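Me: I would like to go through this model with a few short questions. Please reason briefly and end each reply on the item asked for.

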Amino acid sequence: MNDSATNDPADRPDASFVPLLDARQRAMLAEMGVRVWAPRPPVAAQITAPVAAEAPSTSVERAPAPAPASAPVAPAARPAPVRPPVKEAVVAVPQPVAATARHRPADVAAMDWPTLEAAVAGCEACGLCRSRQNTVFGVGDRQADWMVIGEAPGENEDLQGEPFVGVAGQLLDNMLRAVGRSRSGSGAQAAYIANVLKCRPPANRNPLPEEVAMCEPYLARQVALVQPKIILAMGRFAVQSLLQTSEPIGKLRGQVHRYQGVPVIVTYHPAYLLRTPTDKAKAWADLCLALETAAASEDTPAAV
């Protein structure tokens, strides 16, 4: 082995810069994965001071890794966008129209026809008077054997002041004609027609219990004055108001009920039959039951 070739300074790389690296620089190079080359110490130095020869290597491996002086600064977080408050959906629930200071007369049960009709025309008990065009009192012979009771006036009824007009009214007229009755007839061939409510609910919505309760004495007095032999109740609200029940029409059909001692036959409203013509056969059966019941009641006057 030729020691002179190995120890010749001209054959060794220039390491003059190595001593210039301080601990921080060495640590940065170590973090980047760059190995720092250091000249191998002379043999004598290895024998006399082996620990000193290893010190530089140890300091590079164990040196702490401080953050770089020029570490990139994270961009400032953008503020979260402010969303406008979400408005909760409000479900429109039908509410009774506020009543005015004027109330229904207390002596309805003792009124005659002219007084009763005038009381209905001026009634403001439930406040439906604010949206009505006309009150809808009733139509037909006031001594008729048959009385037809519907639910509430619609738009056409409100405009004309008469119950059951329009297409539904035409169907009712045909039904009555089929059993020998009409709104323009008299006596045994007549039918008196009225509604539970005397005023049209806004937008043809369903009658509310408060409104039905306010109108009920007017209807009760009409029944007492007509003294019919049979009542034909048409539609859910008419049936439930007269019979004070929540049962559906399907469970009440085919039976004879009573209101103020008068037989009541339950059937479908003409407007429903226009939407569901398959149930017209059931309505015809109800009319036949009304005919039979009225015939059986001819000798039994209705209680006043």
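Me: In which loop is alanine 203 found?
Reply: This is a predicted model. Alanine 203 has a positive phi of about 60° although it is not a glycine. The loop that holds alanine 203 is the one between E2 and H8.

Me: Is alanine 203 buried or exposed?
Reply: The cut-off for exposed is over 50% relative accessible area. Alanine 203 has 71% relative accessibility, so it counts as exposed.

Me: Is phenylalanine 164 buried or exposed?
Reply: Phenylalanine 164 also lies in a loop, between helix H6 (155-160) and helix H7 (166-178). Its phi is positive, about 55°, although it is not a glycine. Buried means under 20% relative accessible area. With a relative accessible area of 4%, phenylalanine 164 is therefore buried.

Me: Which residues of E2 are on the side opposite Ala191, Ile193 and Asn195?
Reply: In a regular strand, side chains alternate between the two faces of the sheet. In strand E2 (residues 191-195), 5 of the 5 residues are buried, so the strand is largely enclosed by the rest of the structure. Both faces are covered: Ala191, Ile193 and Asn195 are on one side, and on the other are Tyr192 and Ala194.

Me: Which residue in E2 stands opposite glycine 150?
Reply: Strand E1 (residues 146-150) pairs with E2 in the parallel sense, over 5 bridges. Opposite glycine 150 stands asparagine 195.

Me: Which helix gives the most to the largest nonpolar core?
Reply: The largest nonpolar core has 61 residues, and Tyr218 is among those with the most contacts inside it. With 7 residues, the element that gives the most to this core is helix H8 (residues 209-226).

Note on methods. Residues numbered from 1 in each chain as written. Predicted model: local features only at pLDDT ≥ 70, side-chain atom pairs only at ≥ 80, totals over all residues. Heavy atoms only, no water. Core = buried A, V, L, I, M, F, W, Y, C linked by side-chain atoms within 4.5 Å. Buried < 20%, exposed > 50% of the residue type's maximum accessible area, 1.4 Å probe, protein only. Helix = DSSP H or I, 4+ residues; strand = E, 2+ residues; numbered from the N terminus. Pairing = 2+ DSSP bridges.
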